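Please look through the structure shown here with a few topics in mind: a pocket, a helix, a loop residue and the cysteines.

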Amino acid sequence: MQRIVVICVGRMKERFYIDAAAEYAKRLNRYCRLELVELPEQRLPDNPSAAEIGRALAREADAVRAKLPPSAALVALCVEGRLRSSEEMAQLLGTAAVGGDKCLAFVIGGSFGLDEGLKAEAWVRLSMSPMTFPHHLARVMLLEQIYRGFQINEGGKYHK
């Protein structure tokens, strides 16, 4: 069974996000071994400089790397990533499974995004939309799209 790790910078506090993520995590149990990892977002002053943001992102990237399973295929969610349809997301899941990658690791950054070095290490850079979403909502959207991708690959009725 394929292992999927979703590493998120920042902790969810809002019950509606927590409930939605839990619902998709429950649904995914029949398709993969899902692991959700939450890492703390680095604290920054109210008006941080570019250098302060860069240092914080580098520390967050180190924490992400410490949680990445060995030989995981890294998928970085970032605005400059490639937009994909749900069908293309399903193909990505299928390619990782067929290609022998036993683990697919998705990384969602905090409010300032992801470190450039971490994005450069990614197998795939994925953009959810050119619009801006709260990173907690992005987590729910990602879990839903992973579930939809498995449904598409299975020929299920969820995706219409």
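Strand S3 gives the most to the lining of the largest pocket, contributing four residues. In this predicted model, strand S3 (73–83) is joined by helix H4 (116–121), strand S5 (124–127) and helix H5 (135–154), each of which supplies at least two residues of that lining. The lining numbers 25 residues in total, and those that lie nearest the centre of the pocket are Leu77, Cys78, Val79, Gly113 and Phe133. By character, the lining residues divide into 13 nonpolar, eight polar and four charged, and the space in the largest pocket comes to about 500 Å³. Rolling a probe the size of a water molecule over the atoms is what shows where such empty space is left.

Just ahead of S3, the loop that connects it to helix H2 (50–67) holds serine 71. The phi of serine 71 is near 60 degrees, a positive value in a residue that is not glycine. Most residues other than glycine have a negative phi. Serine 71 counts as exposed, because its relative accessibility of 69% is over the 50% cut-off.

Helix H1 (residues 15–28) invites a look at how its residues are placed around the axis. H1 has 14 residues and reaches 20 Å from its first C-alpha to its last, which is close to the 20 Å expected at 1.5 Å a residue. Which residues of H1 are buried? They are Tyr17, Ala21, Tyr24, Ala25 and Leu28, and because they cover an arc of only 105 degrees around the axis, they lie on the same side of H1. The face turned away from this buried side carries the exposed residues Arg15, Phe16 and Lys26.

The cysteines remain to be considered, and here the structure holds zero disulfides. Cysteine 8 is in no disulfide, with the nearest cysteine sulfur, that of cysteine 103, lying 14 Å away. Why does cysteine 103 not form a bond with the cysteine whose sulfur is closest to its own? The closest cysteine sulfur to that of cysteine 103 belongs to cysteine 32 and is 10 Å away, which is too far for a bond, since a disulfide requires the two sulfur atoms to be within 2.5 Å. As for their surroundings, cysteine 8 counts as buried because its relative accessibility is 3%, and cysteine 103 counts as buried because its relative accessibility is 5%, where the cut-off for buried is under 20%.

How values were computed: Residues are numbered from 1 along each chain as its sequence is written. This is a predicted model: local features need pLDDT of at least 70, side-chain atom pairs count only at pLDDT 80 or more; totals for chains, interfaces and linings use all residues. Side-chain values use heavy atoms; hydrogens and water are left out. Buried means under 20% relative accessible area, exposed over 50%, partly exposed in between (1.4 Å probe, protein chains only). On a 1 Å grid over the protein atoms alone, a cavity is a set of points where a 1.4 Å probe fits but cannot get out, and a pocket is an open set with protein on both sides within 12 Å along at least five of seven lines; lining residues have an atom within 4 Å of a point. Grid points are joined across faces, edges and corners, and a volume is the space filled by probe spheres set on the points. Ala, Val, Leu, Ile, Met, Phe, Trp, Tyr, Cys and Pro count as nonpolar, Asp, Glu, Lys and Arg as charged, and the others, Gly among them, as polar. The expected span of a helix is 1.5 Å times one less than its number of residues. The arc is that of the directions from the helix axis to the C-beta atoms.
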